[in-house]
Amino acid sequence: MIHASSNIDPHGSDSIIRSVPSPVPSSLFAWWFQCGKTEAQQQQQQQQQQDPLGPTGCLEVIYGIALHYLHETLDHIALVLLAYSVLCVVLYRVMFHRATGGSRFGRWLVRRSHLPPCSRALLVTAHPDDEVMFFGPTILELRRRQCRVFVLCLSEGNHDRKGAVRRQELWDACESMGVRPEDITLVNATHLQDDPTAEWRAVTIANQLLRQLESLDAELLITFDKEGISGHPNHSAIYYATASLCLSGMIPNNCKVLTLETVNLCRKYLSIFDLPATLLLSTNW
């Protein structure tokens with residue numbers, strides 16, 4: 001575009017004609033491109049004003065917030081675990097104090113009426129060591145109540161060729177819990193061998209149980225539940241034999257039947273830290 005300047009030429013000319021750059025593009029396409037570029041720059045500036053940190057800054061902020069809440073969560077979890085541990089220890093001490101006969105709160109806590117009163121109880125196990133590994137607290141409680149406990153072990157535990165050793169361990173363990181040696185019966189039959197792959201017939205076991213119940217006049221029968229505590233087939237076979245006697249009505253009327261409840265693997269090895277769950281969830285304790 002040609003622009004005329006009104007400046008006076010020092011040499012005498014009235015005007016100087018010179019070329020001035022035009023603010024308007026020379027073509028429509030160039031003008032449209034410049035407008036689009038200007039709008040994009042404005043949007044970018046607005047976005048930077050709204051989010052001055054940028055994507056990297058946002059990630060850093062989010063990471064910092066997450067790390068802060070993670071630390072708080074871990075602190076809360078640690079406090080909860082500490083409180084739970086203290087509760088378990090207190091419950092254990094109360095129940096242990098009760099075992100020595102000194103706490104009314106402990107007596108209420110374990111609800112003594114859930115174990116029926118009896119003078120003669122029959123405990124049926126599959127192998128030596130079952131009586132102390134799974135039923136030790138029950139035997140001790142029955143003996144504390146002056147209940148005579150009879151133990152029927154259906155095999156000598158000869159799976160590892162250590163039947164003689166385990167037989168002696170059975171007598172020693174029962175004696176340490178207050179069971180008389182003459183009240184222990186060990187069955188050594190070819191069709192009831194300590195073997196997870198061997199099938200223990202329910203009829204054979206039921207005949208052994210019924211013979212013992214009638215001869216001992218037991219008022220309480222205690223054995224495994226259908227899961228067998230450890231999942232051992234020999235343990236479960238005793239339950240099915242007991243269930244068959246109950247369903248057929250062959251259990252004496254004055255005899256009650258209790259089974260030891262199987263729990264999951266995690267609870268099984270928690271030791272005293274399973275006490276609250278046991279007190280809240282178990283049907284009999």
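Visitor: Which side chain meets R145 in a salt bridge?

Guide: Side chains of opposite charge can pair when their charged atoms come close. In this predicted model, R145 pairs with E141, with 3.0 Å from N to O.

Visitor: Are these two residues buried or exposed, or something in between?

Guide: The cut-off for buried is under 20% relative accessible area, and partly exposed covers the range from there up to 50%. E141 has 15% and therefore counts as buried. R145, with 24%, is partly exposed.

Visitor: How many salt bridges does the structure hold?

Guide: There are 7 salt bridges. One of them joins D129 to R166, where the closest N and O atoms are 3.0 Å apart. That pair connects distant parts of the chain. D129 sits in the loop between β3 and α4 (130-133), while R166 belongs to helix α6 (residues 163-176), and 37 residues separate them.

Visitor: How does accessibility read for that pair?

Guide: R166 has a relative accessibility of 17%, so R166 counts as buried. The value for D129 is 27%, so D129 counts as partly exposed.

Visitor: Which residue forms a salt bridge with R148?

Guide: The partner of R148 is D183, with the closest N and O atoms 2.8 Å apart. This pair also links distant parts of the chain: R148 lies in strand β4 and D183 in the loop between α6 and β5, 35 residues apart. D183 is buried at 3% relative accessible area, whereas R148 is partly exposed at 25%.

Visitor: Which residues are joined into one network by salt bridges that share partners?

Guide: D129, R166 and D194 form that network.

Visitor: Turning to the sheet, in what order do the strands stand?

Guide: Strands of a sheet pair through backbone hydrogen bonds, either parallel or antiparallel. Here 5 strands make an open sheet, ordered β5-β4-β3-β6-β7, and the pairing is parallel.

Visitor: Why is one side of β5 and of β7 left without a neighbour in the sheet?

Guide: β5 (184-186) and β7 (256-260) are at the edges, and each has a single partner strand, so one side of each has no neighbour in the sheet. On average, neighbouring strands of this sheet are turned by 15 degrees against each other, direction ignored.

Visitor: Over how many bridges do β3 and β4 pair?

Guide: β3 (residues 120-125) and β4 (residues 148-153) pair in the parallel sense over 6 bridges. Within that pairing, L122 has F150 in β4 as its bridge partner.

Visitor: Which helices pack on the sheet or lie across its strands?

Guide: Helix α7 (residues 202-216) lies across β3, β4, β5 and β6 (220-224), and runs at about 160 degrees to β3. Helix α9 (residues 233-247) packs on the sheet and touches β3, β6 and β7. The direction of α9 makes about 140 degrees with that of β6.

Visitor: Within α7, what does T204 touch?

Guide: Leaving out residues up to four places away in sequence, T204 touches H191 and L192. T204 is buried, with a relative accessible area of 19%.

Visitor: Which residues does the "transmembrane region" annotation cover?

Guide: According to the unreviewed UniProt entry, the annotation covers residues 77-95. In the model, the chain over residues 77-95 is 100% helix and 0% strand. The end C-alpha atoms of this stretch are 27 Å apart.

Methods: Residues are numbered from 1 along each chain as its sequence is written. This is a predicted model: local features need pLDDT of at least 70, side-chain atom pairs count only at pLDDT 80 or more; totals for chains, interfaces and linings use all residues. Side-chain values use heavy atoms; hydrogens and water are left out. Two strands pair if DSSP finds at least two bridges between them. Helices (H or I, at least four residues) and strands (E, at least two) are DSSP runs, numbered from the N terminus. Axes are lines fitted to C-alpha atoms, for helices over the stretch in contact, and angles run from 0 to 180 degrees between N-to-C directions. Contact means heavy atoms within 4.5 Å. A salt bridge is a side-chain nitrogen of Lys or Arg within 4 Å of a carboxyl oxygen of Asp or Glu. Buried means under 20% relative accessible area, exposed over 50%, partly exposed in between (1.4 Å probe, protein chains only). UniProt positions are given in the numbering used here, feature names are shortened, and annotations may be inferred rather than shown by experiment.
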